[in-house]
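I sat down with this one to see what holds the fold together and where the odd spots are. Here are my notes, in the order I looked things up.

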Amino acid sequence: MKFLISFVVLFWAALVHAISSSGDRLLVVLEDAAEKETYSKFLGDLEGRGFQVNYETPKSDSLNLFHLGERSYDHVLFFPTKSKGLGPHLTPKILLDFINADGNILLALSASQPAPSHIVSLLLELDIHLPPDRQGLVVDHFNYDVLSAPEKHDVLLVHPQGALRPDVRDFFSPAAPGGEVIAFPSGTGQTLGAGALLTPILRAPATSYSYNPKEQAEAVDDVFASGSQLSLVTTMQARNNARFTVVGSAELLSDKWFDAKVKKVGETKEVGTLNREFAKQLSGWTFKETGVLKVNWIEHHLNEVGQVNATSNPKIYRIKNDVSYYISLSEYSWDKYIPFTVPESDELQLEFSMLSPFHRLKLEPVLTSRDSTTYSVSFKLPDQHGIFNFKVNYKRPFYTSVEEKNTVSVRHFAHDEWPRSFVISGAWPWIAGIGATVTGWLGFCALWLYSKPAKGSESKKTQ
């Protein structure tokens, strides 16, 4: 009975933990607890997906991201605050330490409230730049909602932008069968530096621009950025696979825009918004509910003709051995692991390298189960002895990195492993020469031993 109870408890614990691959402890930072009602649908969706949500204000005395050197939370969600700073518990250094400790952050900004100085400093550390006044407003006079922003033009209507590249999977484009769009109201745009880890998810239309809303002049001269220079939603995945996302419009996550009807300027038909599904996909990726790769097992062994019961993962091979390599991969998708499939225009590769690769080979799928895919390749080891690595280094946007290295030794042929000379056709002339030399020498010796001088008269030596 005790065993059964323990099994049930462990089973339910596993189910709860399976909501996010990195944990379910979520901290939501709000200016006031009453603001929860503004984002009740979004926060309700997070709780419905199994997150244990804790609400705190920026300067709460009980707020601590770390306890005894360990993370107190797995994820942090920031909503706009009126404070110029976030208090002593949310300094830029603490937030960077949280990211370095594999914590994930979703940051929502708003043009109606300046970003806190701590947030601006954190974004600068990540090479993400906000307007100098910390609250630039993005407007577009050609892609706005005529129902809610007929004069200010500050509610942008943006279509999902699809995959970043043909070889990259799209995690952030909800289906829009009825022409639905993403509403981006009262948002702040960001410009990005040259960091390789930064990726814009939603760029501003070509006719949009960002300016200081406090300027009431008819013509705007001081434009922060315009067109595709502006990123409305930005993601970053650190080298330790921690994730950071900036949403330029917190109103995008509000209840008002989850079920709103909008109409683009110049069109007659009203359509719904994709904000709810977009928010789900964005938060799911940020909090590691999607795009997480796991290596289940790795195996390499000899693949010689006639080899029976080859040892798995040996530490030493011989030059010119035929070898097979296998790696099993799974992808975490929302609440379970599924088989990982490499995008059609991409490749999963194996490197067999010393200081530089001797082989770089494409791994092909050979077996698919309910929750994993096994990739494999067979090849011949190079004619070079030394210390080698089987290495799989798969780093793609929006996926956690896969970097696996298995070190083996490659030796020369042993004395009893070289092929006999009579098997090598190129050695036959030399063997024939040796045979002729030996035969000639033996014949000469036999002729010398068994021959005697002719009989003749012996002459006497005279003095």
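**Entry 1: Arg-169 and its partner**

I started with Arg-169, which is partly exposed at a relative accessible area of 34%. This is a predicted model, so everything I write down here is computed from it. Arg-169 makes a salt bridge with Glu-331, N to O at 2.3 Å. Where do the two residues sit? Glu-331 is in strand β21 (residues 322-333) and Arg-169 is in the loop between β9 (155-158) and β10 (182-185), so the bridge ties together parts 162 residues apart in sequence. I checked burial for the partner too: Glu-331 has a relative accessible area of 3%, under the 20% cut-off, so Glu-331 is buried.

**Entry 2: another bridge on β21**

I stayed on β21 and picked Asp-322, whose side chain meets that of Lys-380 in a salt bridge, 3.1 Å from N to O. Asp-322 belongs to strand β21 and Lys-380 to strand β26 (residues 373-380), so this pair links parts 58 residues apart in sequence. Are these two buried or exposed? Neither: Asp-322 counts as partly exposed at 22% relative accessibility, and Lys-380 is partly exposed at 43%.

**Entry 3: Lys-288 and Asp-102**

Next I looked up Lys-288, which forms a salt bridge with Asp-102, the closest N and O atoms being 2.8 Å apart. Both ends are in loops: Lys-288 between α6 (275-286) and β19 (292-302), Asp-102 between α3 (92-100) and β6 (104-108), so the bridge ties together parts 186 residues apart in sequence. Lys-288 is buried, with a relative accessible area of 4%. Asp-102 is partly exposed at 27%.

How many salt bridges does a search of the whole structure find? I got 17. I also noted a network of salt bridges that links Arg-25, Arg-71 and Asp-74.

**Entry 4: Ala-108**

I then moved to strand β6, where Ala-108 is found. Ala-108 is buried, with a relative accessible area of 2%. What does Ala-108 touch, leaving out residues up to four places away in sequence? I listed Phe-78, Phe-79, Pro-80, Val-247, Ala-250 and Leu-253. I also took a distance from Ala-108 to Thr-188: they are 80 residues apart in sequence, and their C-alpha atoms are 9.7 Å apart.

**Entry 5: helix α4**

Helix α4 covers residues 117-125, and its buried residues include His-118, Ile-119, Val-120, Leu-122 and Leu-123. What do the buried residues of α4 pack against? I found α3, β6, β7 (128-129) and β16 (243-247). Just after α4, Asp-127 takes a positive phi of about 70 degrees.

**Entry 6: two more positive phi values**

I flagged Trp-334, a residue other than glycine with a positive phi near 65 degrees. Trp-334 lies in the loop between β21 and β22 (336-339) and is partly exposed at 26% relative accessible area.

Phe-398 went on the list as well, with a positive phi near 80 degrees. Phe-398 sits in the loop between β27 (386-394) and β28 (402-411). With a relative accessible area of 6%, Phe-398 is buried.

**Entry 7: Arg-49**

I looked up Arg-49 and found it in the loop between α2 (40-48) and β2 (52-56). Is Arg-49 buried or exposed? Arg-49 is buried, at a relative accessible area of 14%. For distance, I took Arg-49 to Ala-194: 145 residues apart in sequence and 35 Å apart in space, C-alpha to C-alpha.

**Entry 8: the whole chain**

Last, I stepped back. The protein chain has seven helices and 28 strands. Its C-alpha trace spans about 145 × 70 × 50 Å along the principal axes. The radius of gyration is 35 Å, whereas a compact globule of 463 residues would have one near 23 Å.

How much of the chain is buried? I noted 44% of the 463 residues. The accessible surface comes to about 24900 Å², and carbon and sulfur atoms hold 55% of it. Among contacts between residues at least 6 apart in sequence, 73% join residues at least 24 apart. For charge, I noted 45 positive and 51 negative, with mean positions 12 Å apart.

Key
Residues numbered from 1 in each chain as written. Heavy atoms only, no water. Salt bridge = Lys/Arg side-chain N within 4 Å of Asp/Glu carboxyl O. Helix = DSSP H or I, 4+ residues; strand = E, 2+ residues; numbered from the N terminus. Buried < 20%, exposed > 50% of the residue type's maximum accessible area, 1.4 Å probe, protein only. Rg over C-alpha atoms; globule rule 2.2 N^0.38 Å. Contact = heavy atoms within 4.5 Å. Areas by Shrake-Rupley, 256 points an atom, 1.4 Å probe, with all protein chains shown as cover. Lys, Arg positive; Asp, Glu negative; His and termini not counted. Charge placed at Lys NZ, Arg CZ, Asp CG, Glu CD.
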